[in-house]
Amino acid sequence: MKTLVIVAHPNLDQSRVNKAWMNRLQQEENVTVHNLYAQYPTFEIDAEKEQQLLLEHDRIVLQFPFYWYSTPALLKQWQDVVLAYGFAYGSEGNKLHGKEFMLAISSGGPAEAYQAGGYNRYSMSELTRPLQATANLSGMHFLPSFLLQGMMKLTEERLQESTEAFAAYVTNPTLHN
Ligand SMILES: Cc1cc2nc3c(=O)[nH]c(=O)nc-3n(C[C@H](O)[C@H](O)[C@H](O)COP(=O)(O)O)c2cc1C
């Protein structure tokens, strides 16, 4: 099982979570870490190259900080140009069929804010519906998301714990559900 982790963070130098997650995953065999903003600083995504990468892997992970209840802009651009007609959808667009698809998201707001009655009102499952629908349309199996939430109260210890848990989950999601 080969896993591709697409990391989309516009400022990894100042990141705590995504940088730690990314560095940890680089130690894993059978995991390809793909740093999207480093690869495409001018947003000119090479769609063919990205599609080739997807074809070479069985499990696709999108890793990103939650920005305005969604993905950072480059990851949206990636979806728009890479998940093309005839590749990801359409009558012959079956290239992603059967792959596993997972989100790994850090959010500033804490978990309790993401529910009915919380200050962000909606759950992460509700807010990630467009990506769930994308996985569905392209025939991928949507796995439970890996989340780390609440940056204000994030201790070094909790970050380390999450980083190890992330590496374990990404390489073997079935053990964790
Ligand atoms: C432009 C921008 C938009 C953000 N939008 C949200 C948001 O909608 N919800 C949220 O919980 N946090 C939001 N945040 C906070 C980030 O999600 C948080 O800083 C990030 O996940 C921390 O990860 P890092 O240490 O890898 O940077 C936003 C931050 C920025 C800079």
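This section describes the ligand site, the packing of two helices and two backbone conformations in a predicted model.

The ligand is surrounded by 16 residues, of which Ser 15, Arg 16, Phe 66, Ser 106 and Tyr 114 are the closest. Classified by residue type, this shell comprises eight nonpolar and seven polar residues, together with one charged residue. Polar contacts to the ligand involve both side-chain and backbone atoms of the protein. On the side-chain part, a polar atom of Asn 18 is placed 2.7 Å from a ligand oxygen atom. The backbone of Tyr 69 contributes a polar atom at 2.9 Å from an oxygen atom of the ligand, and a polar backbone atom of Gly 108 lies 3.1 Å from a ligand nitrogen atom. The ligand taken alone exposes 640 Å², and 70% of that area is buried by the protein. Two or more residues of the surrounding shell are supplied by each of two elements, namely helix H1 (17-25) and strand S4 (100-107).

Helix H1 also takes part in a helix–helix packing arrangement, its partner being helix H7 (residues 156-171). In general, a pair of packed helices is described by the angle between the two axes and by the distance separating them. For H1 and H7, the angle is about 45° and the axes are 9 Å apart. The two helices are therefore oblique to each other, since the angle falls neither under 35 degrees nor within the range of 65 to 115 degrees. The crossing of H1 and H7 is right-handed.

Positive phi values were found at two residues that are not glycines, Asn 30 and Phe 43. Asn 30, with a phi of about 65°, is located in the loop that connects H1 to strand S2 (31-35). For Phe 43, phi is about 70°; this residue belongs to the loop between helix H2 (36-39) and helix H3 (47-55).

Methods: Residues are numbered from 1 along each chain as its sequence is written. This is a predicted model: local features need pLDDT of at least 70, side-chain atom pairs count only at pLDDT 80 or more; totals for chains, interfaces and linings use all residues. Side-chain values use heavy atoms; hydrogens and water are left out. A residue is near a molecule or strand if one of its heavy atoms lies within 4 Å of it. A polar contact is a pair of N or O atoms within 3.5 Å; within protein, one must be able to donate a hydrogen and the other to accept it, and residues adjacent in sequence count only if both atoms are side-chain atoms. Accessible areas come from the Shrake-Rupley method with a 1.4 Å probe; for residues, only the protein chains shown count as cover. Helices (H or I, at least four residues) and strands (E, at least two) are DSSP runs, numbered from the N terminus. Ala, Val, Leu, Ile, Met, Phe, Trp, Tyr, Cys and Pro count as nonpolar, Asp, Glu, Lys and Arg as charged, and the others, Gly among them, as polar. Axes are lines fitted to C-alpha atoms, for helices over the stretch in contact, and angles run from 0 to 180 degrees between N-to-C directions. Angles under 35 degrees count as roughly parallel, over 145 as roughly antiparallel, 65 to 115 as roughly perpendicular and the rest as oblique. A crossing is left-handed if the near helix is turned anticlockwise from the far one by less than a right angle, and right-handed if clockwise.
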